[in-house]
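Here are my notes for you, written as numbered points. Keep the model open while you read and look up each part as it comes along.

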Amino acid sequence: MTSQSLRARRVMERADVARKIRVALMTIAMFAVVAAILSPLAQMALSSVKSKEQISQAYSPVLPSDPRTYAHDGETYDVYRVPIDGEERELALVKKGRTESEFIDPDNPGRGPITWQGSWRNLEPSWTLAPKWSNYAEVWGLIDYPRLLFNTVALAVISTIGTVISCTLVAYGFARFRFPGRGPLFTLLIATVFLPTAVTLIPTYTVYAQIGWVGTWLPLLVPTFFGNAYNVFLLRQYFMTIPRAMDEAASIDGAGPLRTLVSVIVPQAWPAITAVTLFNFVYTWNDYFTPLIYLSGQPDLQPLQVGLAAFNGLFYTNPAYIQAGTMMTIAVPVVLFVFFQRTFVRGIMATGVEK
Amino acid sequence: MTAIRTRRRIPMTLMARREARHGYLFILPWIIGFLAFTAIPMAATFVFTFLNISLNQQEPIAFVGLDNYRRLLGDEQAWSSLGVTFRFALLWLPVVIVVPFLLALAVNSKSIRGSSLMRVLLFMPYVVPFVASALIWQNMLVDNGWVNRALGWIGISPPSWLNDPTWVIPGLVMMGFWGLGAGIIINLAGLRGIPTELYDAARLDGAGWWRQLRHVTIPMMSPVLFYTMILAVVEVMQYFLVPLVLFNGTGDPAGATRFFNLYLYQTFFTYQEMSYGSTLAWLLFVITLVVTLLLFRVSRHWVHYAGER
């Protein structure tokens, strides 16, 4: 081997090492960013099993804990972290004094009291790990979780049925039939995405109030049976990728358009229909504003999000309860996401790219 | 010339007419829904602005001319709340447009491992209900929350995010990070759609990372950036639900979260003043429309559509 090719190899090896270091650094940096963005989830999970007392203390540990105590001779003493001879020991405070206090070593109580010079008020308490799982059971009862859950599921299921049926029909109409005004009508449909809700809300609310729908589920459910821009768009894009030859074969066999939709298009469009189902289910699950204004006086009919916001107003003095309640309302969408993350991601990609 | 003119006059064949009838029949649910829930209410909102409709007052409904608009002109609370919305928009819009783009760029980079896991993790908060995410972030931003502990470690004396009128807006922007998931995915889809030949050609011309970004990636991504920008503008103008949940509609601290849409919501929902609420709604609509049209006009200069020369 000539010296020249050897040198070339060494240069390439060095470049390879540099590249590997860069990959490692960039990957670590990005995962740190991701961890920072998701860290609130961790704080929620930890807070949800803390005691009210722990949260109210400014420098309490990150993990759910209780102040450590030690029972001795029928009395309960608090345990503190005491610096003695440059070493920190966990000792139970048995006799408080202003300038010196007496402690007992819980691991070796027979040795008798240890005297320590200094003000015990400056000592840090010792903590032991104590997740308070009972928070969940308490919140379950306080917010009438079963009722809220039932309402949420019922609203989500009915509105999803309405959305899937209506959007499939409308998307099929736009994808497969030629009719005058199709282009402008489709543009109009898409334009509704950009319309501020407030500009249609007030007369709608007024009419619902007049006909007695306010305080019922009807304003939340009826509109879902008339299609919406996002889902029609998503389904239409998918329907257009299904070869027309297939519907033509069906129509030669004498199938009408509705039959073609049910027996040819729908079976092929399952990925898109699943996406619409999931999106709408999660959307309804997460919706707050619509149920808030239409069900404000009816706690029995409200879904989880409205119940959670009201719960926050009532129990803001106990953040642990709020976080436990929050955990209970996000569990279902998060689990759905974990199982169907691919469908979610593809659905979002489909609505974003075409534009 | 004449051929083009007469094309529309050709009567539709029987087949075509039947096809059209079927088409209309299938989109009928949407047409009815559009009329009932969008077109007619929108027109009614406009009509309401000239009336005195209020759900809790017994006065007969009457035509009041421009009274509502006159009230709007002198309504200090409306304009100051519009100011709050604009101030928030100024801080939020750069974040909501640029951050998803940068994160997508990083996830898409060849120097990153585990990008599909990263994509899923970054998108995940998208499915967290925003009431829940507001409460989770509230816990994060309280005085001894994790954000302030982290700032303490690096030696910054942290602000009181939720009690300080100056810092509450940046606090709300931080909460908004959980709403960026969809934007990241859309940007990622856009980046994957850029033909690799463009980068090969740029490299042949000696372009480094920065010039490839400047002359290939950004122009090719401009339609996606424009799309996220328009959606973000429409959304930011309506922003108020997170502070509504956190501060129970009080506008705390010191009116710093009294957003325009909060004022609108309280006017029509709390005080049931439908006509004045409609006037506020029209103002919001007109502002959104004007800003959107301006952005469309300016977009001709920077948005590059493939296939258009």
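**Notes on the two chains**

1. Going along the sequence, chain B reads α-α-α-α-α-α-α-α-α-α-α-α-α-α. That is 14 helices and zero strands; helices here are DSSP runs of H or I with at least four residues, strands are E runs of at least two, and both are numbered from the N terminus. With 309 residues, chain B would get 19 Å from the globule rule, but its radius of gyration is 25 Å, well over that, so it is more spread out than a compact globule. (The radius of gyration is taken over C-alpha atoms, and the rule is 2.2 Å times the number of residues to the power 0.38.) The C-alpha trace of chain B spans about 75 × 75 × 35 Å along its principal axes.

2. Some housekeeping before we go on. This is a predicted model, where local features need pLDDT of at least 70 and side-chain atom pairs count only at pLDDT 80 or more, while totals for chains, interfaces and linings use all residues. Residues are numbered from 1 along each chain as its sequence is written, and chains are lettered from A and ligands numbered from 1 in the order in which they are written.

3. How confident is the predictor about chain A? Its mean pLDDT (the predictor's confidence in each residue, from 0 to 100) is 87, and 98% of the residues of chain A reach 70 or more. Among the elements of chain A, helix α7 (residues 218–221) has the highest mean, 96, and strand β7 (residues 124–125) the lowest, 78.

4. Now the build of chain A. You can find 14 helices and eight strands in it. Chain A has a radius of gyration of 32 Å, where a compact globule of 355 residues would have one near 20 Å. Its C-alpha atoms fill a box of roughly 100 × 90 × 35 Å along the principal axes.

5. Next, the domains, whose bounds come from an automatic or database domain assignment. Chain A is split into domain 1 (1–47), domain 2 (69–125) and domain 3 (143–353). The C-alpha centres of domain 1 and domain 3 of chain A are 42 Å apart. Chain B gets domain 1 (2–48) and domain 2 (71–302), and 36 Å separate the C-alpha centres of these domains of chain B.

6. Where do the chains meet? The contact takes 74 residues from chain A and 76 residues from chain B; two residues are in contact if their C-beta atoms, placed from the backbone, lie within 7 Å. Elements giving two or more residues to chain A's side include α1 (3–47), α4 (145–176) and α14 (319–353) of chain A. The largest share of that side, 15 residues, comes from α14(A). By class, chain A's side has 49 nonpolar, 21 polar and four charged residues. (Ala, Val, Leu, Ile, Met, Phe, Trp, Tyr, Cys and Pro count as nonpolar, Asp, Glu, Lys and Arg as charged, and the others, Gly among them, as polar.)

7. What about the inside? Of the 355 residues of chain A, 37% count as buried, and of the 309 residues of chain B, 37% do. A residue is buried if 20 or more other C-beta atoms lie within 10 Å of its own, exposed if 12 or fewer, and partly exposed in between, with C-beta atoms placed from the backbone.

8. Have a look at the nonpolar cores (sets of buried Ala, Val, Leu, Ile, Met, Phe, Trp, Tyr and Cys residues joined through C-beta atoms within 7 Å). The largest has 141 residues, and A:V232 and A:L235 touch the most other members. Leaving out residues up to four places away in sequence, A:L235 touches A:C167, A:T168, A:A171, A:A269, A:A272 and A:V276. Another core, of 10 residues, lies apart from the largest one, with A:Y70, A:Y77, A:A92 and A:L93 among them.

9. Is helix α13 (residues 260–270) of chain B mostly covered or mostly open? It is mostly covered, with eight of its 11 residues buried, including B:F260, B:L262 and B:F268. The buried residues of α13(B) pack against α6 of chain A, as well as α4 (76–108), α12 (241–247) and α14 (274–302) of chain B. After α13(B) comes B:Q272, whose phi is positive, near 55°.

10. For contrast, try A:A137, in helix α3 (residues 134–142) of chain A. A:A137 counts as exposed because it has 10 C-beta neighbours inside 10 Å. A:A137 and A:A324 are 187 residues apart in sequence, and their C-alpha atoms are 9.4 Å apart in space.
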